[in-house]
Amino acid sequence: MIADGFERAYAVLDWYDGPRQGLAVINGVPHYFEGWDHHPANVADEYFVWPASEAAVAMEREQWAIFVRCEVWREEHPAGVDARYDELDLLLAPHREVPDGARRLMGEVRLDDGDRYRPDGGDLWFRWHSSSEASVDH
């Protein structure tokens, strides 16, 4: 996938007919993404994207690992069950809000043949393209 220009997603925060929100690499740098209007497979979707701090990335990866552990063992969703997961939700909430001036990019999604729930971020990859607008006020 890397040879085709795709970069890994670290975490998926919301999935509905495709990735809606999460943390992914864009040009080698971790960014949050949030999309809204998903199209059929093999069509790029538009997302707001904004850089994620090192601290936010570390917390997102920690929370993703907790989520993966629950999925692997088929336990309950960790929200409301795992105190650290809930604490991370509160700490990460401001980082996950789309900021004013967030860029818009088209994200082309591919899934690899691996397990969806892996500590390294699972099977989701993006190839990013410019959108018609470089940034918007949100």
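Leaving aside neighbours within four places in sequence, which residues is Ala9 in contact with? Select Ala9 and you will find Leu23, Ala24, Asp120, Gly121, Leu124 and Phe126, where contact means heavy atoms within 4.5 Å.

Before moving on, a word about what is on your screen. This is a predicted model, in which local features need pLDDT of at least 70 and side-chain atom pairs count only at pLDDT 80 or more, while totals for chains, interfaces and linings use all residues. Residues are numbered from 1 along each chain as its sequence is written, and side-chain values use heavy atoms, with hydrogens and water left out.

**Stop 1: the whole chain**

Switch to a cartoon view. You should see two helices and six strands, defined as DSSP runs numbered from the N terminus (helices: H or I, at least four residues; strands: E, at least two). Followed along the sequence, they give the pattern β-β-β-β-α-α-β-β. Of the 138 residues, 44% count as buried; buried is under 20% relative accessible area, exposed is over 50%, and partly exposed lies in between (1.4 Å probe, protein chains only). Among contacts between residues at least 6 apart in sequence, 56% join residues at least 24 apart.

**Stop 2: back to Ala9**

Ala9 sits in strand S1 (residues 7-15) and is buried, with a relative accessible area of 0%. Now add Trp125 to the selection: the two C-alpha atoms are separated by 5.6 Å, although the residues are 116 apart along the chain.

**Stop 3: the largest nonpolar core**

Next, select Tyr32, Phe33, Val49, Phe126 and Trp128. Of the 31 residues in the largest nonpolar core, these touch the most other members. Such a core is a set of buried Ala, Val, Leu, Ile, Met, Phe, Trp, Tyr and Cys residues joined through side-chain atoms within 4.5 Å. At least two core residues come from each of S1, strand S2 (19-26), strand S3 (29-35), strand S4 (45-51), H1, H2 and strand S6 (124-135). Helix H1 gives the most, with seven residues. In soluble globular proteins, nonpolar side chains tend to be buried together.

**Stop 4: the aromatic rings**

Rings of Phe, Tyr and Trp (its six-membered ring) pair if their centres lie within 6.5 Å; planes under 30 degrees apart count as stacked, over 60 as edge-to-face and the rest as tilted. By this rule there are eight aromatic pairs. For a tilted one, show Trp64 and Phe67, at 5.5 Å centre to centre with 35° between the planes. These two are three residues apart in helix H1 (residues 54-72), so about one helical turn separates them. Trp64 is buried at 6% relative accessible area, and Phe67 is buried too, at 15%.

For a stacked pair, go to Phe126 and Trp128, at 4.5 Å centre to centre with 20° between the planes. Both are buried. Add Phe33 and Tyr47, and you have one aromatic cluster of Phe33, Tyr47, Phe126 and Trp128. Beyond its neighbours within four places in sequence, Trp128 has contacts including Glu7, Ala24, Leu105 and Met106.

**Stop 5: Arg96**

Finish at Arg96 in helix H2 (residues 83-96). Is Arg96 buried or exposed? Arg96 is buried, with a relative accessible area of 12%. Show its side chain with that of Gln63 and you will see a polar contact of 2.5 Å. A polar contact is a pair of N or O atoms within 3.5 Å; within protein, one must be able to donate a hydrogen and the other to accept it, and residues adjacent in sequence count only if both atoms are side-chain atoms. Leaving aside neighbours within four places in sequence, Arg96 also has contacts with residues including Glu34, Trp50, Glu60 and Asp89.
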